[in-house]
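Student: I have a model open beside me, and I would like to learn how to read it one feature at a time. Could you take me through it slowly?

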Amino acid sequence: MRYAQLVMGPAGSGKSTYCSAIAEHIENEKNSVMVVNLDPAAERFKYTPTVDIRELIHVDDAMDDEILHFGPNGGLVFCMEYLIENQDWLRDQLGEDDDDYILFDLPGQIELYTHMKTVKQLAELLQNWGFNVCSVMLVDSQFMVDGPKFISGTMAALSVMINLELPHVNVLSKMDLLSKTARKHLDNYLEPDTRALLSDVKSNTSWGKKYRYLSKCIGRMIEDYSLVQFVPLNIKDEDSISGLLYTINTMIQYGEDQDVRMTDFDQQDSDDNAGGVEQFE
Ligand SMILES: Nc1nc2c(ncn2[C@@H]2O[C@H](COP(=O)(O)OP(=O)(O)OP(=O)(O)O)[C@@H](O)[C@H]2O)c(=O)[nH]1
Ligand SMILES: [Mg+2]
């Protein structure tokens, strides 16, 4: 079995920084990990990618092409579709080693995740190649500190979850940047509570009243069904990273093989003992 995190989220939400920090953390625990850059427009990142989509296609190739003439956003979508069409290239680059743990650093174009099919196709390819895949969606915590923004971030996360149908975790990134007051505000929303969410939604006008009612219904739905949850991540705090990785690794069943091996070992041990008892008798 192999293991994959598809790291996604809006532009600048911290995906590449997350990949470097998580890779460093896993390596410090003496486990091996690889990072694959799947952002055809990436300029620089701290990690050294094992595989880099820019060796297959760069967003400039799509933009400079005299027939295609894409702008940066269309160009990026084209590159991701090109990757799927050239799946053999990716398969060869990834190799076939058992037990690989790979972080895929994806581009920051939210429509790739909310309703387009390319990332879903990528996940299906990886699953066919023997990966346990999960999606990790980063949302910048600074954009989630008032009720209406939290609701809209939650709805974006929900559409990604529905579109991809993968084991999924939503991460609030850049927690180290929040002031104490902002952190307190955010804490009120983390345990879904419609009243807290609505406290920022003004309702003086008739539009305001309707908007408040809609927000209330959405808030209740999220609260009643525990549909979307967020894990806050402070990348400067090792405990925060370990906690999140534990959640993710449980989802992709990373480490369970080791448990099985331990169980086999225990079984062997007790068989041996049983033999010993017989001999003794
Ligand atoms: N303080 C702090 N800054 C962060 C954190 N994560 C990312 N940043 C900063 O936010 C900016 C964007 O981070 P990236 O990791 O490049 O974000 P990205 O999601 O990969 O961006 P795109 O690939 O352009 O969509 C950089 O200046 C990072 O240094 C964090 O956890 N804490
Ligand atoms: Mg990036």
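Tutor: We shall go from the overall fold to single residues, bearing in mind throughout that this is a predicted model.

Student: What does the secondary structure of the protein come to, and what share of its residues counts as buried?

Tutor: An overall description begins with counts and dimensions. In this case the secondary structure comes to 12 helices and 7 strands, and the C-alpha atoms fill a box of roughly 90 × 55 × 30 Å along the principal axes. Of the 281 residues, 32% count as buried.

Student: Among contacts between residues at least 6 apart in sequence, what share joins residues at least 24 apart?

Tutor: That share is 73% in this protein. A single pair can be read in the same spirit: Pro-107 and Arg-54 are 53 residues apart in sequence, and their C-alpha atoms are 12 Å apart in space.

Student: Which residues have the most contacts inside the largest nonpolar core?

Tutor: A core is read from its members and from the elements that supply them. The largest one here has 63 residues, and those with the most contacts inside it are Leu-6, Val-7, Leu-103, Phe-104, Val-119 and Val-171. Strand 5, residues 131–140, gives the most to this core, with 7 residues. If you wish to follow one member outward, take Val-171, which, leaving aside its neighbours within four places in sequence, is in contact with Val-136, Met-137, Leu-138, Phe-230, Val-231, Leu-233 and Leu-244.

Student: Which residues are closest to ligand 1, and which helix gives the most to the shell around it?

Tutor: For a ligand, one lists the surrounding residues and then asks about their chemical character. Ligand 1 is surrounded by 15 residues, of which the closest are Gly-14, Lys-15, Ser-16, Thr-17 and Gly-108. Helix 1, residues 15–28, gives the most to this shell, with 3 residues, and the shell as a whole divides into 3 nonpolar, 8 polar and 4 charged residues.

Student: Is Pro-107 buried or exposed?

Tutor: Burial is judged by counting C-beta neighbours, and the cut-off for a buried residue is 20 or more within 10 Å. Pro-107 counts as buried because it has 25 such neighbours inside 10 Å. This residue lies in the loop between strand 4 and helix 5, and its contacts beyond four places in sequence are with Asp-39, Pro-40, Ala-41, Leu-76 and Leu-112.

Student: How should I read helix 10, and why does its length agree with what is expected?

Tutor: One compares the span with the rise per residue, and then looks at which side is covered. At 1.5 Å a residue, the 20 residues of helix 10 (206–225) should span 28 Å, and the end C-alpha atoms are 29 Å apart, so the two agree. In this helix, Ser-215, Gly-219 and Ile-222 are buried. These three cover an arc of only 60 degrees around the axis, which means that they are on the same side of helix 10. What covers them includes helix 7 and helix 9, whereas the face turned away from the buried side carries the exposed residues Ser-206, Lys-210, Leu-214, Cys-217, Asp-224 and Tyr-225.

Student: How many residues does helix 7 have, and how far does it reach?

Tutor: Helix 7 has 18 residues and reaches 26 Å from its first C-alpha to its last, close to the 26 Å expected. Its buried residues include Phe-150, Ile-151, Ala-157 and Leu-164.

Student: Where do I find residues with a positive phi?

Tutor: Two of them follow helices: Glu-165, just after helix 7, has a phi of about 50 degrees, and Ser-226, just after helix 10, has one of about 45 degrees. Asp-99, although not a glycine, has a positive phi of about 75 degrees, and Lys-174, also not a glycine, has one of about 60 degrees.

Student: Are Asp-99 and Lys-174 buried or exposed?

Tutor: Asp-99, in the loop between helix 4 and strand 4, is exposed because 11 other C-beta atoms lie within 10 Å. Lys-174, in the loop between strand 6 and helix 8, is buried, since 21 other C-beta atoms lie within 10 Å.

Terms used. Residues are numbered from 1 along each chain as its sequence is written. Chains are lettered from A and ligands numbered from 1 in the order in which they are written. This is a predicted model: local features need pLDDT of at least 70, side-chain atom pairs count only at pLDDT 80 or more; totals for chains, interfaces and linings use all residues. Helices (H or I, at least four residues) and strands (E, at least two) are DSSP runs, numbered from the N terminus. A residue is buried if 20 or more other C-beta atoms lie within 10 Å of its own, exposed if 12 or fewer, and partly exposed in between; C-beta atoms are placed from the backbone. Two residues are in contact if their C-beta atoms, placed from the backbone, lie within 7 Å. A residue is near a molecule or strand if its C-beta atom, placed from the backbone, lies within 6 Å of it. Ala, Val, Leu, Ile, Met, Phe, Trp, Tyr, Cys and Pro count as nonpolar, Asp, Glu, Lys and Arg as charged, and the others, Gly among them, as polar. A nonpolar core is a set of buried Ala, Val, Leu, Ile, Met, Phe, Trp, Tyr and Cys residues joined through C-beta atoms within 7 Å. The expected span of a helix is 1.5 Å times one less than its number of residues. The arc is that of the directions from the helix axis to the C-beta atoms.
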